[in-house]
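Notebook open, coffee poured. I want to go through this model and jot down what I look up as I go.

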Amino acid sequence: MTDQAAPSDASADLWASIDDLWTWLDSSRPVDGKEGMLLRVLKLSEEVGEVAEAVIGATGQNPRKGVTHSWEDVQGELCDVVITALVALRTLTPDTREVFTRHLARVRERSLGPAS
C-alpha cells in the first residue's frame, strides 16, 4: 500500500488545508479590512524573494556566502509561494477552488489548445 493519496483525495486535502490556513490566519490577523487584505497579498512578494535567495544560495552566486541552500530548499520556497498565493486568493473569495480551476482551464487552453 502506498502512502500517497489518490489525486482526487489530494486535491480535496489541498483545498481543505488552504481553508484551514486561511481560517487560522484570519482569526489572528492584527489588521482587518482592505489593509489586511492588501498585506495578505503583499506577503507573496516576501515569499518570492525567499525563492530568489534560495536560488542564489543553491548556485553559490554570492561569493561572500558561497553555497548556502539546496535545490530542495528552492522547492520548499516555491511551495510556500503557491500556498501563500492560494491563501491570498481565499482571502479575496470563498470560491477559491472554482476560481482557480476556471482560471487554470483558461490558461491551459490558451497555451495548449482545447483539451482532446
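What follows are my entries on salt bridges, a pocket, a surface patch and a stray loop residue.

**Entry 1: ground rules.** I am working from a predicted model, so I keep in mind that local features need pLDDT of at least 70.

**Entry 2: salt bridges, overall.** I started with charge pairs, since side chains of opposite charge can pair when their charged atoms come close. My search of the whole structure turned up six salt bridges. I looked at some of them one by one.

**Entry 3: Asp19 and Arg90.** I pulled up this pair and found a salt bridge, with 2.9 Å between the closest N and O atoms. What does the pair link? I see distant parts of the chain brought together: Asp19 sits in helix H1 and Arg90 in helix H3, 71 residues apart. For the ranges, I noted that H1 covers residues 7–27 and H3 covers residues 71–92.

Next I checked burial on each side. Is Arg90 buried or exposed? Arg90 has a relative accessible area of 12%, so I log it as buried, the cut-off being under 20%. Asp19 comes out at 33%, so I put it down as partly exposed.

I also listed what else touches Arg90. Skipping neighbours within four places in sequence, I get contacts with Ile18, Asp19, Trp22 and Thr96. Asp19 is thus on the contact list as well as being the salt-bridge partner of Arg90.

**Entry 4: Glu47 and Lys43.** Here I have a salt bridge at 3.3 Å, N to O. Both residues belong to helix H2 and are four residues apart, about one turn of the helix. I wrote down H2 as 33–59. Which class does each partner fall in? Glu47 is at 8% relative accessibility, so I count it as buried. Lys43 has 34%, so I file it as partly exposed.

Then I followed shared partners. Asp26, Arg29, Asp32 and Arg40 are joined into one network by salt bridges that share partners.

**Entry 5: inside the network.** I opened up Asp26 and Arg29, which form a salt bridge with the closest N and O atoms 3.3 Å apart. Asp26 reads 25% relative accessibility, so it goes in as partly exposed. Arg29 reads 24%, so it gets the partly exposed label too.

**Entry 6: the pocket.** I turned to empty space, where rolling a probe the size of a water molecule over the atoms shows what is left. The largest pocket has a volume of about 340 Å³. Of its 16 lining residues, I find Leu25, Arg40, Lys43, Thr84 and Val87 closest to the centre. H1, H2 and H3 are the elements that give two or more residues to the lining. I recognise two names from earlier entries: Lys43 from the bridge with Glu47, and Arg40 from the network.

**Entry 7: surface patch.** I checked the outside for nonpolar area. Leu21, Trp24 and Ile83 make a patch of about 300 Å². Trp24 is a helix H1 residue. With 56% relative accessibility, Trp24 passes the over 50% cut-off, so I call it exposed.

**Entry 8: Arg64.** Last lookup. Where is Arg64? I place it in the loop between helix H2 and H3. Its relative accessibility is 69%, so Arg64 counts as exposed. I took a distance to Asp13 as well: the two are 51 residues apart in sequence and 42 Å apart in space, C-alpha to C-alpha.

Definitions and conventions: Residues are numbered from 1 along each chain as its sequence is written. This is a predicted model: local features need pLDDT of at least 70, side-chain atom pairs count only at pLDDT 80 or more; totals for chains, interfaces and linings use all residues. Side-chain values use heavy atoms; hydrogens and water are left out. Patches are made of residues with over 30% relative accessible area and no salt bridge: like charges are joined within 9 Å, nonpolar side chains (Val, Leu, Ile, Met, Phe, Trp, Tyr) within 5 Å. Accessible areas come from the Shrake-Rupley method with a 1.4 Å probe; for residues, only the protein chains shown count as cover. A salt bridge is a side-chain nitrogen of Lys or Arg within 4 Å of a carboxyl oxygen of Asp or Glu. Buried means under 20% relative accessible area, exposed over 50%, partly exposed in between (1.4 Å probe, protein chains only). Contact means heavy atoms within 4.5 Å. On a 1 Å grid over the protein atoms alone, a cavity is a set of points where a 1.4 Å probe fits but cannot get out, and a pocket is an open set with protein on both sides within 12 Å along at least five of seven lines; lining residues have an atom within 4 Å of a point. Grid points are joined across faces, edges and corners, and a volume is the space filled by probe spheres set on the points.
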